[in-house]
Amino acid sequence: MSLNRRQFISSAGAAAAAGVVLSAGARRSTSRKKADVHPNIVVIVVDTLRSDHVYGDRAKTPNMDVLLREGLRFTSAYPEAMPTVPGRNSLLSGRRMFPYRGWHDYPGLIESPGWAPIPSVEQAFTTRLHRAGYWTGYVTDNPFLGWSRPYERLRRSFDLLVHHGGQLGVVNPPSSVPEREFRHWLHPANDSQRVRERVRRYLANSRYSHDESRSFAAKVFTSGVQALDQAARQAPFALIVDTYEPHEPWTPPRKYVEQYGDPDYHGPEPAMLTYGRVDKWLNEDNMDFVLGRLRALYAAEVTMTDYWLGVFLDRLNALGLERETVIVLLSDHGIFLGEHGWTGKISVALHPVLTRVPLVIVDPDRRRAGKASDYFASLHDVGPTLLRMAGVPLPASMSGVDLSRFLSGASPRERPFAWGGYKDNHYVRTDSWAYMADNRMRHSRLFDLEKDPEERTNVAERHPHVLERLRKTLIQRAGGRPPFYGV
């Protein structure tokens, strides 16, 4: 990684100046000897990151590639709860969130099943580490964990909390966006009042297409660098760096877009997509072009986010912490970019494009470096795994498994399928079958993965016994039929 990037770090404080910092109070530094016994922990959360853009060749991600070479990657990682807030609750609590029993609307969060504060801050893996002597920090631009009232207690549980005003806040008035720039990021195919308001507010918050240091990823990872400097004096530490990018809208600098799309195109860009069926907002004349630009913009945002992740990893290495630190890279969900006829995050279409995420664990001793596991891992496994690696007892509330057993050649308890849900819908996946339906057990779809790995043909009517078996599996594991809220 380049010297220029390290030179940038020394003068990058201005990029983080807009961040709000909360501190629970300075604590006495822990000795280096203790850090040798208890590894440091860094968890990198990248929102809306498709696994095929990390494990595959859909995007250039040289810094994530380094983590793949040095870590153990899980190629069948499926979040049991989606999207943003349910997924992070699963991550932090180490327990399953779906099927969202007893859910109700919480002011400050989206009115959608699963959008609720973390069930117990005291039982979060970060709190358990804090009680065991770890310094803890959280850096994010996530508009919900970072700012909403339901997460105030969680924010106060960290020694350091840095939250940046992100996409949904108001840094500058939307009227401050020059009309020419606004129109460049608004494609006629998706010109609606809702999209206009979202894109204009996004640009008002951070116009970075000509200066990527103003991007949300740059702000979060630059603040992550500063948090690392503080954490290094407090070892052992546990630091979560959580970037909302590459969540849409997408307005990346041209140098990134040209790596994936026509470099001669200078027309309006579809920075925002419509959630729904492709043929409801695109026609035969513009469909291929607009979907191609969406894919180019998304890949460009992923590559830009990867660059700023590299800034953070450079600092970790410069501090000499790379062999003292467990590093975890993960995401909460993917996004449809035309696959299966959908665009956006579609809760009724729980295909791998949306539900499979990257999950990589880098061990300080580089055990299983560059290896892969097809175990059905999930986000609620991360907390138990990190507590075990830190030598900290697990609370009884955690239902995830310890994935670090794979690092020593062992394995956790058998998990022959993945299951979970999004809003009022659920899924079950085995090596051979993929099943999804709504929580009323309606609109069931079943795919034979041996004959149809792309999940194109619904065979539910041909295999009623398989369908019924997977339904019963879901009901049994969920402790009864999951609730249907209709929100």
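Biologist: Which residue stands opposite Gly-421 in E14?

Modeller: That is Ala-81. Keep in mind as we go that this is a predicted model.

Biologist: Thanks! What makes strand E4 and E14 a pair?

Modeller: Pairing asks for at least two bridges. E4, residues 81-82, and E14 have two bridges, in the parallel sense, so they count as paired.

Biologist: And how do you know that E14 pairs with E15?

Modeller: By the same kind of reasoning: five bridges join E14 to E15, residues 425-429, and at least two are needed, so these strands pair as well. They run antiparallel, with Ala-418 opposite Arg-429 in E15. The two strands form a hairpin with two residues between them, and Lys-423 in the turn has a positive phi of about 55°.

Biologist: Why is E14 called mostly covered?

Modeller: Five of its five residues, 418-422, are buried, which means each has under 20% relative accessible area. Ala-418, Gly-420 and Tyr-422 point one way, while Trp-419 and Gly-421 point the other way.

Biologist: Let's turn to the rings. Why is the contact of Phe-98 with Tyr-100 called an edge-to-face aromatic pair?

Modeller: A search of the whole structure finds 16 aromatic pairs. In the pair of Phe-98 and Tyr-100, the centres are 5.3 Å apart and the planes make 90°. The cut-offs are within 6.5 Å for a pair and over 60 degrees for edge-to-face, so both parts of the name hold. Phe-98 and Tyr-100 are also buried. Elsewhere, ring pairs link Phe-74, Tyr-375 and Phe-406 into a cluster.

Biologist: How do you know that Arg-277 lies over the face of Trp-342?

Modeller: Its distance from the ring centre is 4.6 Å, and the limit is within 6 Å, with CZ also within 35 degrees of the ring normal. The distance fits, and the arginine is indeed assigned to the face of the ring. Arg-440 lies over the face of Phe-484 too, at 4.0 Å from the ring centre.

Biologist: What makes Ile-44, Phe-221, Phe-237, Leu-239, Trp-250 and Phe-312 stand out in the largest nonpolar core?

Modeller: Of its 69 residues, those six touch the most other members. Helix H12, residues 287-318, gives the most to this core, with 15 residues. A second, separate core has 68 residues, including Ala-116, Leu-407, Met-441 and Leu-467.

Biologist: Which residues does Trp-250 touch, not counting those up to four places away in sequence?

Modeller: Among them are Trp-185, Ala-271, Leu-294, Tyr-298, Glu-301 and Leu-337. Contact means heavy atoms within 4.5 Å, so each of these comes within that distance of Trp-250.

Methods
Residues are numbered from 1 along each chain as its sequence is written. This is a predicted model: local features need pLDDT of at least 70, side-chain atom pairs count only at pLDDT 80 or more; totals for chains, interfaces and linings use all residues. Side-chain values use heavy atoms; hydrogens and water are left out. Rings of Phe, Tyr and Trp (its six-membered ring) pair if their centres lie within 6.5 Å; planes under 30 degrees apart count as stacked, over 60 as edge-to-face and the rest as tilted. Buried means under 20% relative accessible area, exposed over 50%, partly exposed in between (1.4 Å probe, protein chains only). A nonpolar core is a set of buried Ala, Val, Leu, Ile, Met, Phe, Trp, Tyr and Cys residues joined through side-chain atoms within 4.5 Å. Helices (H or I, at least four residues) and strands (E, at least two) are DSSP runs, numbered from the N terminus.
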